[in-house]
Amino acid sequence: MSGAVQLSLPSCAFESSSLIHSGRLRNRSQIFCNQTDLPHGEDDEKNGVHCRREHSQRRVILVEKYGNSAVKKYFLDDNLRLQSFLDEQTSPTFNGFQESCFSETKLSWLPDLIKDFILPTGFPESVSDDYLQYMIWQFPTNVTGWICHTLVTSSLLKAVGIGSFSGTSAAASAAAIRWVSKDGIGAVGRLFIGGRFGNLFDDDPKQWRMYADFIGSAGSIFDLATPLYPSYFLPLASLGNLTKAVARGLKDPSFRVIQNHFAVSGNLGEIAAKEEVWEVVAQLLGLAIGVLILDTPGLVNSYSVLSTTWLSMRLLHLWLRYQSLAVLHFNTINMKRARILARAHILHNKVPGTVDCNNEENILVWERFTRPSIVFGVSLEEMMDGERSSSTVMKLLKLYANEKFILMLDAQDKDLKVVVSFKVGASSMAVLRSIWQTYWLDKHWDSSESVVDQLARSLSEMEDKFDDFVQLLEGAGWDTHQLSLKVPNNVQIDVS
């Protein structure tokens, strides 16, 4: 990478950052030191203490704090070489990881991995005070509801001739178990989506709502294949249910964000109720047309005609879904819209309004495929990419002393690649500033000039023009007070 310099290896060998992110250090607090750096004849415990004391006497210039409570400290040794050592804190204290007394008492026994899976990002600060109490009561409520559902399913199957109340109920019970098992396998898909990807829907509900229909269409193919392989009904139906449950896991939270967008008067309940009216009317009409199609002579007995009809209707459905999402005009700034707005300001010194920007936004494209490439939430090691020196790191710290982020770039490829680390206390505005700087660098990049010099020039330009950018956004109707730009919490840096 042009303009990058070298960081020498530390004198003490500690676990790599990959172990930090994997969570394997949660129950480990000791620091491992290279034996060649320690006095001979001392036991491991004394060596560990010696290493800690040696590092504590050196000036720490930067600290990386990880979501699993691990901390990596960077310092200069006697030869002014940048080195690091790993520490682990038993109780997180930095921004974004504090927990209220109530939450700590109730959930202290849960592993961090499970907490991250079942609770919103930033909990408890990101939710109201009554959120956890409500969810604790809601969980057994849902359990009892699904127990009732299982029992009622058995009764329904008996009513259609599978077993009877007067005779044996074994057949009905077995059929009910198989049917409920199919539903249970599908529920696993919703569990995975909600736990693993719950923080994505606020940023880009249009994209995830469209993806939900694509995945749901794939799930319907398994259902459509059951007549061809009746002996594999249960696995095919279960796969179909699983796939459609994943789609539902994407659809429901995405649509709730869209409903909230509609409720400009705080009337979210009424918006949801009226949407239900539209949906039920469409459901009844669709069912009626579907029955008429099934009554068409020759269609029921022709699988090829049935599947072709389904495929035609499904393609029409996907096209209509795309059109319905394309007309949505959000005034919030997410990653895609931030890119469009920053590029317009850099190139034309103006920003598009909400309608034009939403029309330009590509619903289907994934963020990782957009250019220039921006990777948020990286560690110092990833930022410097192997060739590092204390001088470059110190220059970066000085350059970004007044910013809540540090941005570095890699111009080796044809397309510019940018990596960004965020400081403790960074907000969504820091994300927006880093995007603006990225597009300025993308326009003015000169491979013959040093990276650090161009970073300094871009920061100077941002200092002069970013306030004008924000004023133009507000004048064009954009909400600059609540940006849909999340600061990654997997790693944050603290500069001493």
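In which loop is Pro372 found? Pro372 lies in the loop between helix H12 (354-360) and E4, where helices (H or I, at least four residues) and strands (E, at least two) are DSSP runs numbered from the N terminus. The peptide bond joining Arg371 and Pro372 is cis, with omega about 0°. The structure is a predicted model, in which local features need pLDDT of at least 70 and side-chain atom pairs count only at pLDDT 80 or more, while totals for chains, interfaces and linings use all residues. Residues are numbered from 1 along each chain as its sequence is written, and side-chain values use heavy atoms, with hydrogens and water left out. A further backbone feature is found at Asn349, a residue other than glycine with a positive phi, near 60°. Asn349 belongs to the loop between helix H11 (335-348) and H12.

Strand E4 (373-376) is one edge of an open sheet, and strand E5 (405-410) is the other, each pairing on one side only. The sheet has 3 strands in the order E4-E6-E5, with mixed pairing; two strands pair if DSSP finds at least two bridges between them. Neighbouring strands of this sheet are turned by 20° against each other on average, direction ignored; axes are lines fitted to C-alpha atoms, for helices over the stretch in contact, and angles run from 0 to 180 degrees between N-to-C directions. E5 and strand E6 (residues 417-422) run antiparallel and are joined by 6 bridges. Phe405 has Phe422 of E6 as its bridge partner.

Strand E1 (residues 60-66) pairs with two other strands. With strand E2 (residues 70-76), E1 forms 5 bridges in the antiparallel sense, and Leu62 is bridged to Tyr74 in E2. With strand E7 (residues 491-495), E1 also pairs in the antiparallel sense over 5 bridges; here Tyr66 has Val491 as its partner. Of the 7 residues of E1, 6 are buried (under 20% relative accessible area, against over 50% for exposed and in between for partly exposed; 1.4 Å probe, protein chains only).

Empty space was searched on a 1 Å grid over the protein atoms alone: a cavity is a set of points where a 1.4 Å probe fits but cannot get out, a pocket is an open set with protein on both sides within 12 Å along at least five of seven lines, and lining residues have an atom within 4 Å of a point. Grid points are joined across faces, edges and corners, and a volume is the space filled by probe spheres set on the points. The whole structure has 2 cavities of 30 Å³ or more. The second largest cavity, of about 30 Å³, is lined by Leu62, Glu64, Leu380, Met383, Ile406, Ser421 and Ile493. E1 and helix H13 (380-384) each give two or more residues to this lining.

The second largest pocket holds about 2,400 Å³ of space. Its lining comprises 45 residues, with Arg209, Glu279, Ala282, His317 and Arg321 nearest the centre. At least two lining residues come from each of helix H7 (205-224), helix H8 (233-262), helix H9 (268-294) and helix H10 (303-326). H9 supplies the largest share, 16 residues. In H7, 14 of the 20 residues are buried. The 20 residues of H7 should span 28 Å at 1.5 Å a residue, which agrees with the 29 Å between its end C-alpha atoms; the expected span is 1.5 Å times one less than the number of residues.
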